[in-house]
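These are my notebook entries on one protein model. I set down what I looked up, topic by topic.

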Amino acid sequence: RVQAVVERRSTQPVLAHVLLHAHAGGLRITATDTEVAFIGELAANVSAGGELAVDAGNLFQVIRTLPEP
C-alpha cells in the first residue's frame, strides 16, 4: 500500500521517501505524495526510539528479498 502512495518523480525528493518512526509501541510507517497519505502501525520490539526517512524504492527492494513469515 505504501508504494502506491510514494511519489516517484517529484521536484520534492523527500516525497520519494518513507518515514519510519520507532517508538515504545512499535513502528509507524508514513508516506505521502501531498494528496494521499498512508500511515500504518506495526507491532515491533523497539530497544531505542527514533525516526528515519529512507528511499522507498530501496526499502521495497530489501523487503521483497525477505522470507515470508
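**Entry 1. The sheet.** Before I describe any sheet, I fix the term: two strands pair if DSSP finds at least two bridges between them. The model I am reading is a predicted one. With that rule in hand, I find four strands in an open sheet, ordered β3-β2-β1-β4, with antiparallel pairing. The edge strands are β3 and β4, each of which pairs on one side only. I also looked up the twist: neighbouring strands of this sheet are turned by 20° against each other on average, with direction ignored.

**Entry 2. Overall content.** I list two helices and four strands for the protein. Along the sequence they follow the pattern α-β-β-β-β-α. Of the 69 residues, 23% are buried. The exposed area comes to about 5200 Å², of which carbon and sulfur atoms supply 55%. For contacts with a separation of 6 or more, I note that residues 24 or more positions apart account for 49%.

**Entry 3. Strand pairs.** I went through the pairs one at a time.

- β1 and β2 run antiparallel and are joined by five bridges; the hairpin between them passes through two residues. Within this pair, Ala-22 stands opposite Leu-27 of β2.
- β2 and β3 are antiparallel and share six bridges. Here Ala-31 faces Phe-38 of β3 as its opposite residue.
- β1 and β4 pair in the antiparallel sense, again over six bridges. Val-18 has Val-54 in β4 as its bridge partner, and His-21 stands opposite Glu-51 in β4.

**Entry 4. Faces of β1 and the packed helix.** Which residues of β1 (17-23) lie on its covered face, and which on its uncovered one? I read Val-18, Leu-20 and Ala-22 on the covered face, and His-17, Leu-19, His-21 and His-23 on the uncovered one. I then checked His-17, which is found in strand β1. His-17 counts as partly exposed because its relative accessibility is 25%. Its C-alpha lies 8.1 Å from that of Gly-57, although 40 residues separate His-17 and Gly-57 in sequence.

Returning to the pair of β1 and β4, I recall that it is antiparallel over six bridges. Helix α2 packs on the sheet and touches β1 and β4, its direction making about 90° with that of β4.

**Entry 5. The nonpolar core.** What makes up the largest nonpolar core? I count seven residues in it: Val-18, Leu-20, Ile-29, Ala-31, Val-54, Ala-56 and Phe-60. At least two residues of this core come from each of β1, β2 and α2 (56-65). In soluble globular proteins, nonpolar side chains tend to be buried together. Two core residues recur in my pairing notes: Val-18 and Val-54 are bridge partners.

**Entry 6. The salt bridge.** How many salt bridges does the structure hold? I find one. It is formed by the side chains of Arg-28 and Glu-41, at 2.7 Å from N to O. Arg-28 belongs to strand β2 and Glu-41 to strand β3, so the pair ties together parts that are 13 residues apart in sequence. Arg-28 is partly exposed, with a relative accessible area of 30%; Glu-41 is likewise partly exposed, at 46% relative accessibility.

**Entry 7. Thr-34 in the hairpin.** I looked for a residue other than glycine with a positive phi and noted Thr-34, whose phi is near 75°. Most residues other than glycine have a negative phi. Where does Thr-34 lie? I place Thr-34 in the loop between β2 (26-32) and β3 (37-42). The hairpin of these strands has four residues between them. Is Thr-34 buried or exposed? The cut-off for exposed is over 50% relative accessible area, and Thr-34 reaches 58%, so I record Thr-34 as exposed.

**Entry 8. Ala-44.** My last look-up concerned Ala-44, placed in the loop between β3 and β4 (50-55). Ala-44 is partly exposed, with a relative accessible area of 34%. Leaving aside neighbours within four places in sequence, I find Ala-44 in contact with Gly-26 and Leu-27. The C-alpha atoms of Ala-44 and Ala-24 are 8.5 Å apart, while the two residues are 20 apart in sequence.

How values were computed
Residues numbered from 1 in each chain as written. Predicted model: local features only at pLDDT ≥ 70, side-chain atom pairs only at ≥ 80, totals over all residues. Heavy atoms only, no water. Buried < 20%, exposed > 50% of the residue type's maximum accessible area, 1.4 Å probe, protein only. Contact = heavy atoms within 4.5 Å. Areas by Shrake-Rupley, 256 points an atom, 1.4 Å probe, with all protein chains shown as cover. Core = buried A, V, L, I, M, F, W, Y, C linked by side-chain atoms within 4.5 Å. Axes fitted to C-alpha atoms, helices over the stretch in contact; angles between N-to-C directions. Salt bridge = Lys/Arg side-chain N within 4 Å of Asp/Glu carboxyl O.
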